[in-house]
Amino acid sequence: MPSENVADVIVVGAGPSGSATAHHLATAGLDVLLLEKSQFPREKVCGDGLTPRAVKSLVRMGVDTSEEAGWLHNKGLRIIGGGMRLEMPWPELAAYPNYGLVRPRADFDQILARQAEKSGARLHENTNVTGPVVDPRSNRVIGVTARITDADGGKRETSFRAPLIVAADGNSTRLSIALGLHKRDDRPMGVAYRTYYKSPRTNDDYLESWLELWDGERLLPGYGWVFGMGDGTSNVGLGILNTTKSFRNVKYPDLLRAWLKNTPDEWGFNEENRTEPIRGAALPMGFNRQPHYTRGVLLVGDAGGMVNPFNGEGIAYAMESGELAADVIAQALARPAGPERELALSAYPRVLKETYGGYYTMGRLFVSLIGNPKVMRLATQRGLSHPMLMRFTLKMLANLTDPKGGDAMDRIINAMAKIAPDA
């Protein structure tokens, strides 16, 4: 096999989780192949809004998040529901910055992939991984097969080899499914649809969340968002959870249009101002695919179902899980192959559960409750009138607390997550 097709680690997928994993592995001195099926820039369905939790991971990767570098900063979250409108700044914490960001996913993913490349990872675009290569003697995955699309459009088959593989190939994760790692039905799943409109709201410095979506007198299932992009457009979308009875029977583009008919005309959320198709994607939540390590393969990001059940945020947890995986891998590859290395790798699922397990268990309970429209309506009508309760809710939903010390809210949330059983 050509030496350029051999590495210490292969990372499949150059989204946020894959690029973060590759960056941290490369900075640890490992030889990393980062395989991406598309060509950058490329489209991904996303709200494009980043909380301070995601900003922290970007800073750890060395990404310049300044406004001069093209990032739109936001101050916090605006919540609309129950006839009320509440603006809540991001909390002041030692552990996280006090600002969020907005950046289109096509641009965002490319920035992260180039950062990983700059750190030393070898990025191969137009390289579609088709399956694992399994050693028949050990039953371990020792590489992947792939189909490469050349500049002239021709396709050729090849393979890559490494002692460890990272599945960062998203919710559909062909690699994980080939190994028999299927979704767990006892974990929540969300669906999000979004599009873009030319709008005067483009420079909004708050992320906006609508807890009630109305079509005339009819309350629609789900929640909506409006994120100004700073480029003359706004990202507008909605999400719905599988705990809602309407989950499988909803025509999501129609649901989005029905909600937007009730927004003010001056916002411009109409068909004439729509600049992109309405696109949708699944949100795999609360560790809905496990185990996160098996037979030489580690799962990160959406491939491991790491979307936050409380708020549908995936990017922060994609980047964080990539860093956690990279740390475990670096320690494992410093040991000889065999039992010592496997002992190090077995720490990865445990670290994930220690980091997110109790919090995701709380999130599963949360989504089961708000799946009932009566509960959601009551919570919206009563909760928004209590600013202190909503500040507590913001910290809990966005997972923004100081892990040590902090205020009384931080200590309560951290204690609840600690005593909750692992997801």
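The questions and answers below go through a predicted model.

Me: How are residues numbered, and which pLDDT does the predicted model need for local features?
Reply: Residues are numbered from 1 along each chain as its sequence is written, and side-chain values use heavy atoms, with hydrogens and water left out. In this predicted model totals for chains, interfaces and linings use all residues, side-chain atom pairs count only at pLDDT 80 or more, and local features need pLDDT of at least 70.

Me: Which helix gives the most residues to the largest nonpolar core?
Reply: A nonpolar core is a set of Ala, Val, Leu, Ile, Met, Phe, Trp, Tyr and Cys residues that are buried and joined through side-chain atoms within 4.5 Å; buried means under 20% relative accessible area, exposed over 50% and partly exposed in between, with a 1.4 Å probe and protein chains only. The largest one has 58 residues, and Val11, Leu58, Met319, Ile329 and Tyr348 touch the most other members. Helices (H or I, at least four residues) and strands (E, at least two) are DSSP runs numbered from the N terminus. With 10 residues, the main contributor to this core is helix α6 (residues 315-333).

Me: Which residues does Leu58 touch, not counting those up to four places away in sequence?
Reply: Contact here means heavy atoms within 4.5 Å. On that basis the residues touched by Leu58 are Leu50, Val63, Thr65, Trp71, Leu101, Phe108, Leu112 and Met319.

Me: Which element gives the largest share of the lining of the second largest pocket?
Reply: On a 1 Å grid over the protein atoms alone, a pocket is an open set of points where a 1.4 Å probe fits, with protein on both sides within 12 Å along at least five of seven lines, and lining residues have an atom within 4 Å of a point. This pocket has 20 lining residues, with Glu354, Thr355, Asn399, Pro403 and Asn414 the closest to its centre. Elements that give two or more residues to the lining are α2 (52-60), α8 (347-370) and α11 (408-419). The largest share, seven residues, is that of α8.

Me: Is Asn399 buried or exposed?
Reply: Asn399 sits in the loop between α10 (387-398) and α11. Its phi is near 55 degrees, a positive value in a residue other than glycine. With a relative accessible area of 11%, Asn399 is buried.

Me: Which strands stand at the edges of the open sheet of six strands?
Reply: Two strands pair if DSSP finds at least two bridges between them. The order in this sheet is β8-β2-β1-β12-β21-β20, with mixed pairing. Each edge strand has a single partner, so one side of each is left without a neighbour in the sheet; these strands are β8 (122-124) and β20 (293-294).

Me: What is the omega of the peptide bond that joins Gln290 and Pro291?
Reply: Pro291 lies in the loop between β19 (279-284) and β20. The bond from Gln290 to Pro291 is cis, and its omega is about 0 degrees.

Me: Which residue takes a positive phi in the hairpin of β5 and β6?
Reply: Strands β5 (residues 76-81) and β6 (residues 84-89) run antiparallel and are joined by six bridges. Gly81 has Met84 in β6 as its bridge partner. Two residues lie between the strands, and the one with a positive phi, near 60 degrees, is Gly82.
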